[in-house]
Amino acid sequence: MSTSITELHPILAGAFASLAAGLGTGVGAVLIYGIRELKPRTEDALLSGAAGMMLAASFYSLLQPGLEYGVQRYGSPGVAVILVIAGMLLGGAALWTIHSYAPHEHFHAGREGPEAGKLARLWLFVIAITLHNFPEGMAVGVGAASGDFAAGAALTVGIGVQNVPEGLAVAAALMAAGYGRHLSAGIAFLTGLVEPVGGLLGGSAAWLASALLPAVLGFAGGAMLYIISAEIIPETHRKGHKTVATASLMLGVALMLALGVLLETS
């Protein structure tokens with residue numbers, strides 16, 4: 001299986017991997033039909049576990065491979081570190097800029113960004129979800145296009161798994177906001193399809209700018225770190241479930257580390 005994946009063109013590998021990860025959101029969206037209500041404590045635990053997986057994936061599948069590739073290509077740890085750190089900071093700054101100027105609304109924190117005018121509340125949710133999913137897809141695309149099968153596969157599986165509770169949480173939050181079950185599930189499913197777009201962009205960037213791959217991997221890692229720190233952790237700590245959320249985040253990190261080791265040794 002790994003041979004067939006690595007034989008794909010880097011752009012196609014990035015697109016397919018991010019599509020697979022994005023479908024995890026659809027799986028979570030479908031689960032809303034079997035759950036009447038997602039309790040806040042459970043929602044925070046699931047999202048924190050997802051954040052833990054993303055946190056480990058940021059380092060294990062993006063930043064570390066970026067450093068290794070930089071050392072291999074340039075023969076200098078210093079150059080590799082500079083490129084990865086520069087890309088990471090740029091990725092975080094890019095996400096901060098987008099969040100500052102794009103009107104969006106979080107499920108618990110409320111509205112952020114500039115005044116949205118008559119923009120419907122539903123679309124503010126969609127914008128927030130898109131801002132969250134696009135860099136995830138880009139990160140998967142970059143990881144899959146980098147040529148490191150273990151890191152790319154771990155990132156794809158990790159993001160896909162964390163998308164399941166995220167899709168469920170999105171659908172449940174939309175239902176709580178007054179939207180019907182079918183519409184909530186449909187919107188949650190469609191938001192996952194934003195990831196292949198990001199994956200196509202990330203895979204293209206990794207292939208076209210192979211000399212700057214350490215910086216591209218750093219950029220994707222920085223974007224994910226921004227989402228974890230600025231979006232997911234504050235949301236999961238807002239309702240007083242800090243202990244549960246922290247424990248779940250650590251379990252998510254442990255699960256992702258174990259997954260990475262298993263994929264490397266298989």
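## Exercises on a helix pair

In this predicted model, helix α4 passes helix α9 in a right-handed crossing. Let's work through that pair and then step back to the whole chain.

**Exercise 1.** Classify how α4 is oriented relative to α9.

*Solution.* Start with the geometry: two packed helices are described by the angle between their axes and the distance between the axes. Here α4 covers residues 77-101 and α9 covers residues 213-237. Their axes come within 6 Å and cross at roughly 45 degrees. Now apply the cut-offs: under 35 degrees would count as roughly parallel, and 65 to 115 as roughly perpendicular. The angle of roughly 45 degrees therefore makes α4 oblique to α9.

**Exercise 2.** Find residues that make the contact between α4 and α9, and describe their chemical character.

*Solution.* Look along α4 to begin with: its contact residues include Leu-83, Gly-87, Gly-91, Leu-95 and His-99. Next, turn to α9, where Pro-214, Gly-218, Phe-219, Gly-222, Tyr-226 and Glu-231 are among the partners. Finally, sort the full set by type: 14 residues are nonpolar, 6 are polar and 1 is charged.

**Exercise 3.** Describe the protein chain that holds this pair, from its elements to its surface.

*Solution.* First, count the elements: the protein chain has 10 helices and 2 strands. Read from the N terminus, their order is α-α-α-α-β-β-α-α-α-α-α-α. Then consider burial: 50% of the 266 residues are buried. For contacts between residues at least 6 apart in sequence, 80% join residues at least 24 apart. Last comes the accessible surface, about 11900 Å², with 71% of it belonging to carbon and sulfur atoms.

Notes:
Residues are numbered from 1 along each chain as its sequence is written. This is a predicted model: local features need pLDDT of at least 70, side-chain atom pairs count only at pLDDT 80 or more; totals for chains, interfaces and linings use all residues. Side-chain values use heavy atoms; hydrogens and water are left out. Axes are lines fitted to C-alpha atoms, for helices over the stretch in contact, and angles run from 0 to 180 degrees between N-to-C directions. Helices (H or I, at least four residues) and strands (E, at least two) are DSSP runs, numbered from the N terminus. Angles under 35 degrees count as roughly parallel, over 145 as roughly antiparallel, 65 to 115 as roughly perpendicular and the rest as oblique. A crossing is left-handed if the near helix is turned anticlockwise from the far one by less than a right angle, and right-handed if clockwise. Contact means heavy atoms within 4.5 Å. Ala, Val, Leu, Ile, Met, Phe, Trp, Tyr, Cys and Pro count as nonpolar, Asp, Glu, Lys and Arg as charged, and the others, Gly among them, as polar. Buried means under 20% relative accessible area, exposed over 50%, partly exposed in between (1.4 Å probe, protein chains only). Accessible areas come from the Shrake-Rupley method with a 1.4 Å probe; for residues, only the protein chains shown count as cover.
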